[in-house]
Amino acid sequence: MKLPNFEYLAPSSPAEVVALLAAHPGEAKIIAGGQSLLPTMAFRLAQPAYLVDLRNVEGMNRIVIDDSGVRLGARTRWRDIEDDARLATAHPLLKEAITHVAHYQVRNRGTVGGSLAHADPAAEMPCIAATCEAELTLLGPEGERRMKAADFFLGPLTTALSDDEMILEVRLPRWPAQRRWAFLEFARRPGDFALGGVALYYDLDAENRACNTHIGVVGACYYSKRLPIAESALDGKRVDAETARAVARAASEEADPTSDFHASAEYRKSLVGTLLERALVTAAQRTS
Amino acid sequence: MNIAFELNGKPVEAEVPARTTLADCIRHHLMQTGTHVGCEHGVCGACTVIVDGDAVRSCLMLAAQASGAKVTTVEGLTPAEGLSALQESFRKHHALQCGFCTPGFLTTAHALLTQEPNADKERIRHVLSGNLCRCTGYINIIEAVCDARSAYAKSDPESR
């Protein structure tokens, strides 16, 4: 249905954005690509009185790759990540995960910051942020603060972002070239929300055993977070078929999806196990 | 609020409420009704238009967000006389029946082939997955887009 009424504001600096948010506490929402916000408004699940557009704020769509890792400006579009050839080595897990985000037309508008702020547990970017221990830079009236993804996601569509704060950028820590990884999803049609998905990476120690294991799930968790029990089932082990089955079983038990119209919680838990077992095989076979 | 942008090569202006989507601005204020509105929440792809070269869902973009942009709709793909190569290909391959979804498929395919003239069949299938068609079963649409690739391989836009 048609959008509810609102007042449209398009300031030109982050400071002005935050000032407008603070001037209308709880009544203003930031819009960038609008690919999650506008459907939400069309359904009347949100009716903000003010929309503060980031379109005139310069420099928020940069992808910076340096020794600290990959920094994505909040207004970076999925399309920008797809088009950036450096990311194939600088962060292959991100690059692969982003290929699963929505459809072609949505990918030309949707943004990293929008997805993080929307915090849909079925979305890829929150999963990657949580799995990779991303750090978000937030700006509020009191200035900037940094926050780990693990502290940012609090529940489905719920984050630690205050009403008067905006996301400036997200940093994914540096990606070692030898790292083993995989990202797998299952959806009925390409571009649909996945019924389930897994993000996995681990490093190898001197004895070829897995260490520093990170596992996250898409669409099969209450909110975007890691699966520490499954991770510790892999750490210190050689990645073989038996270990893969055990880790997959642990992840299946640890995942906490809800049932909905598309799939039951039991199905999603089972799917997480199946996908993670396949992901472990893929990651083990991957050579850098 | 007052919005000014370029629609199909011509400067246009409209006085619209802030909540007006680009789709409704094009249809109701600028009276270009080739762009169709299906679901109004970004799942069907019928309202796809091209903004600064990229295919976007015009129901998920505010008219205000198109200020200063170059917008192309299905009307802008059609030459003064006859049909474009892509449109001819749709006719040749029977890639439409009722035609409601067709403007969205044409704009999506045009943006894709302009940016990626060598897109393979798998890429085309993947991109077109963002557009729903309830008549054709998609096979003929995919054939039509694949067949139109040769027209985009040339760099001369006049040949399209």
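**Close-up 1. The buried side of helix α3 in chain B.** In this predicted model, helix α3(B) spans residues 85–92 and tucks away B:Leu86, B:Gln87, B:Ser89 and B:Phe90 as buried residues. Here buried means under 20% relative accessible area, exposed means over 50%, and partly exposed is in between (1.4 Å probe, protein chains only). Helices are DSSP runs of H or I with at least four residues, strands are E runs of at least two, and both are numbered from the N terminus. The four buried residues cover an arc of only 160° around the axis, which puts them on the same side of α3(B); the arc is taken from the directions from the helix axis to the C-beta atoms. Over on the other side of α3(B) sit B:Arg91 and B:Lys92, both exposed. The buried residues pack against α2 (74–77), α4 and α6 (139–153) of chain B, with contact meaning heavy atoms within 4.5 Å. Just past the end of α3(B), B:His94 takes a positive phi of about 50°.

**Close-up 2. How α3 packs on α6 in chain B.** Two packed helices are described by the angle between their axes and the distance between the axes. For α3(B) and α6(B), that's an angle of about 145° with the axes 8 Å apart. Axes are lines fitted to C-alpha atoms, for helices over the stretch in contact, and angles run from 0 to 180 degrees between N-to-C directions. The crossing of α3(B) past α6(B) is right-handed: the near helix is turned clockwise from the far one by less than a right angle, whereas anticlockwise would make it left-handed. On the α3(B) side, the contact includes B:Leu86 and B:Phe90, and on the α6(B) side, B:Ala144, B:Ala148 and B:Tyr152 are among the residues involved. By class, this contact has nine nonpolar, one polar and two charged residues. Nonpolar covers Ala, Val, Leu, Ile, Met, Phe, Trp, Tyr, Cys and Pro, charged covers Asp, Glu, Lys and Arg, and the others, Gly among them, count as polar.

**Close-up 3. α4 meets α5 in chain B.** The axes of α4(B) (residues 102–115) and α5(B) (residues 121–128) come within 10 Å and cross at roughly 135°. The two helices are therefore oblique to each other; under 35 degrees would be roughly parallel, over 145 roughly antiparallel, 65 to 115 roughly perpendicular, and the rest is oblique. α4(B) passes α5(B) in a right-handed crossing. B:Phe105, B:Thr108 and B:Leu112 of α4(B) touch B:Arg123, B:Ile124, B:Val127 and B:Leu128 of α5(B). That contact has five nonpolar, one polar and one charged residues.

**Close-up 4. One face of helix α1 in chain A.** In α1(A), residues 14–23, the buried residues are A:Val17, A:Val18 and A:Leu21. Seen down the axis, they fall within an arc of 95°, so they line one face of the helix. The face turned away from them carries exposed A:Ala15 and A:Ala23. The buried residues pack against strands β2 (28–31), β3 (50–53), β6 (135–140) and β10 (166–173) of chain A.

**Close-up 5. Positive phi in a chain B loop.** B:Met31 isn't a glycine, yet has a positive phi of about 60°. B:Met31 lies in the loop between α1 (22–29) and β3 (48–51) of chain B, and counts as exposed at 58% relative accessibility.

**Numbering and criteria.** Residues are numbered from 1 along each chain as its sequence is written, and chains are lettered from A and ligands numbered from 1 in the order in which they are written. Local features need pLDDT of at least 70, side-chain atom pairs count only at pLDDT 80 or more, and totals for chains, interfaces and linings use all residues, while side-chain values use heavy atoms, leaving out hydrogens and water.
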